[in-house]
Amino acid sequence: MRASLASSIAVTCAAVLALPVSLTVPAAASAPPAAALALPPAPELPGSTQSLPLEPLGAANRALGGAAGSGEQGLGRRDVRPFSLVGVVWNDPKAPLHGTVQVRTRAVGGGAWSEWQDVETHNEEHGADPGTAEGSARALRGSTAPLWVGDSDGVEIRVRGEERLPAGLRLELVDPGEAPAAAPERTAPEGAGPQTRGAMAPAALAGMSDAEVEASAVNARLAPYGATWIPALSKEETEREVRNMPQSQAVLAAPAAAAAKPYIGPQPKIITRKGWGADESIREKGFVYTKTIKAAFVHHSATGNNYTCKQAPSVLRSIYRYHVKSSGWRDFGYNFAVDKCGNIYEGRAGGVAKPVMGAHTLGFNTNSMGIAVLGTFTKSTPPAAVVTAVARLTAWKLGLHGVNPKGTSYLVSGGGNLFKKGTTVRFNSIAGHRDGFATECPGGRLYNKLGTARTSSAKFQGRP
């Protein structure tokens with residue numbers, strides 16, 4: 001049903017990006033002229049969330065007098081509307097869930113129940129930095145990591161606390177919905193530059209909502225409006241795009257030497273939010289930017305590995321809905337995602353080449369980017385395609401900001417369990433989530449591959 005799914009070169013890169021600073025940009029700032037937006041509203045994309053309050057379970061809870069939040073909570077086997085992803089949320093985002101969460105589900109149509117599956121309870125390290133508007137939002141909730149279970153219509157859950165459970169536990173069942181029908185891909189004529197792509201905007205706007213136009217406009221220099229993917233470029237083509245950027249759009253004038261020999265990897269193919277079917281109406285309007293990108297943090301999504309690459313868009317739509325509707329975030333948390341086949345996806349809206357502020361590495365979202373590999377890699381080894389995709393993506397994106405993938409960068413902590421707020425921390429330019437927070441993420445098997453990713457990324461940049 002849902003099977004479809006700053007170094008010397010830094011200023012050079014500013015030229016290709018026209019980088020914004022740390023401001024929330026209103027929707028109108030990136031959109032085409034108002035006349036181009038005089039369109040009928042686009043139909044709402046499908047997808048839904050069932051939110052079911054958990055109930056006291058078992059003798060342990062009865063011995064405690066049935067007190068809310070104590071002992072064991074859950075739900076017995078029950079029929080529900082179809083869903084594909086599960087998670088648990090609770091009222092206070094600062095309250096930890098010390099214990100275990102296990103679910104089992106029934107496949108649609110087959111009547112077969114799965115074995116009990118563990119849901120990762122430690123998810124607070126993924127999120128917006130403390131003290132930011134997003135990190136202080138009233139809509140925020142505590143949450144587990146989401147778990148992809150595939151097409152299901154029955155569920156059973158048990159939550160066992162090592163101590164008192166947080167109040168307001170609810171089971172979230174997310175249906176990603178069918179992917180929207182693919183529109184004919186509009187490609188720029190051969191040899192067309194960014195200005196030609198932008199001039200094609202009116203023809204591509206038909207049927208797009210204002211929010212979709214906004215999300216597409218920030219990538220208009222890289223692909224036509226409404227494109228489902230951003231094309232790969234050779235290293236030479238990528239460097240040419242940097243050199244040809246009008247100086248009027250640069251933040252600073254680029255040194256001639258840097259412009260002549262930029263260490264930038266070839267632009268990889270990136271599937272846009274339009275391409276994986278993001279419902280732009282559910283996120284907050286506008287975008288939030290940081291000043292630059294100094295480091296990339298690699299994560300695993302902890303959603304499990306039981307998906308096909310054809311299902312990856314559905315997994316992304318489910319995580320997106322869980323982040324926004326269930327957890328209370330402004331948008332998808334990570335800047336990019338990579339599936340097990342090595343496909344790269346645009347994550348949080350705001351422009352793939354721009355320094356979009358994410359909610360991925362608590363305390364270190366400023367001046368960094370987050371890449372989530374879809375899957376769980378504590379015991380499973382990531383495919384070689386995953387490591388290559390991470391290397392290609394970072395070679396390009398870090399290169400646009402003058403960063404050596406084999407080098408190190410300094411970030412200032414916004415607060416966390418490893419580094420106090422205000423602490424200056426040295427990171428590898430390609431780091432694992434666990435480097436900034438006491439967590440298993442991105443899983444030991446993926447973390448052990450980051451050295452290979454750094455070496456490959458530097459080679460893609462053309463570094464000696």
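Two strands pair if DSSP finds at least two bridges between them, and helices (H or I, at least four residues) and strands (E, at least two) are themselves DSSP runs, numbered from the N terminus. By this rule six bridges join strand 13 to strand 16, and the two run parallel. The structure is a predicted model, in which local features need pLDDT of at least 70, side-chain atom pairs count only at pLDDT 80 or more, and totals for chains, interfaces and linings use all residues. Residues are numbered from 1 along each chain as its sequence is written, and side-chain values use heavy atoms, with hydrogens and water left out.

**The protein as a whole**

- The protein has 12 helices and 19 strands.
- Of its 464 residues, 55% count as buried, where buried means under 20% relative accessible area, exposed means over 50%, and partly exposed lies in between (1.4 Å probe, protein chains only).
- About 18,800 Å² of the protein is exposed, and carbon and sulfur atoms supply 54% of that area; accessible areas come from the Shrake-Rupley method with a 1.4 Å probe, and for residues only the protein chains shown count as cover.

**Strand 16 and its neighbours**

- Strand 16 covers residues 368–373, and six of its six residues are buried.
- In a regular strand the side chains alternate between the two faces of the sheet.
- In strand 16, Ser 368, Gly 370 and Ala 372 point one way, while Met 369, Ile 371 and Val 373 point the other way, and all of them are buried.
- Towards strand 13, Ser 368 of strand 16 is the bridge partner of Ala 295.
- Strand 14 is also joined to strand 16, by three bridges, and these two strands run parallel; here Ala 372 of strand 16 is the bridge partner of Ala 337.

**The disulfide and the cysteines**

- A disulfide is a covalent bond between the sulfur atoms of two cysteines, and for counting purposes it is a pair of cysteine sulfur atoms within 2.5 Å.
- The count by this rule comes to one disulfide, which joins Cys 309 to Cys 341 with an S to S distance of 2.0 Å.
- The link of Cys 309 and Cys 341 is right-handed, with 95° about the S-S bond.
- Cys 309 lies in the loop between strand 13 (295–300) and helix 9 (312–326), and Cys 341 in the loop between strand 14 (336–338) and strand 15 (344–346), so the pair ties together parts that are 32 residues apart in sequence.
- Cys 309 is buried, at a relative accessible area of 17%, whereas Cys 341 counts as partly exposed at 44%.
- Another cysteine, Cys 441, is buried with a relative accessible area of 3%.

**Helices 10 and 12**

- Helix 10 (residues 384–400) has 17 residues and reaches 25 Å from its first C-alpha to its last, close to the 24 Å expected at 1.5 Å a residue; the expected span of a helix is 1.5 Å times one less than its number of residues.
- Helix 10 is mostly covered, since 13 of its 17 residues are buried, and it is followed by Gly 402, whose phi is positive, near 70°.
- For the 12 residues of helix 12 (residues 450–461) the expected span is 16 Å, and the end C-alpha atoms are 16 Å apart, which agrees.
- The buried residues of helix 12 are Leu 450, Ala 453, Arg 454, Ser 457, Ala 458 and Gln 461; they cover an arc of only 130° around the axis, which puts them on the same side of helix 12, the arc being that of the directions from the helix axis to the C-beta atoms.
- An α-helix has 3.6 residues a turn, so residues three or four places apart point the same way.
- The cover over the buried residues of helix 12 includes helix 6 (235–244), helix 10 and helix 11 (444–447), where contact means heavy atoms within 4.5 Å.
- Just after helix 12, Gly 462 takes a positive phi of about 85°.

**Two glycines**

- Gly 168 sits in the loop between strand 8 (147–161) and strand 9 (170–175), and is partly exposed with a relative accessible area of 34%.
- Leaving aside residues up to four places away in sequence, Gly 168 touches Val 89, Trp 90 and Asn 91.
- Gly 444 lies in helix 11 and counts as partly exposed at 21% relative accessibility.
- Leaving aside residues up to four places away in sequence, Gly 444 touches Phe 377, Thr 378 and Arg 434.
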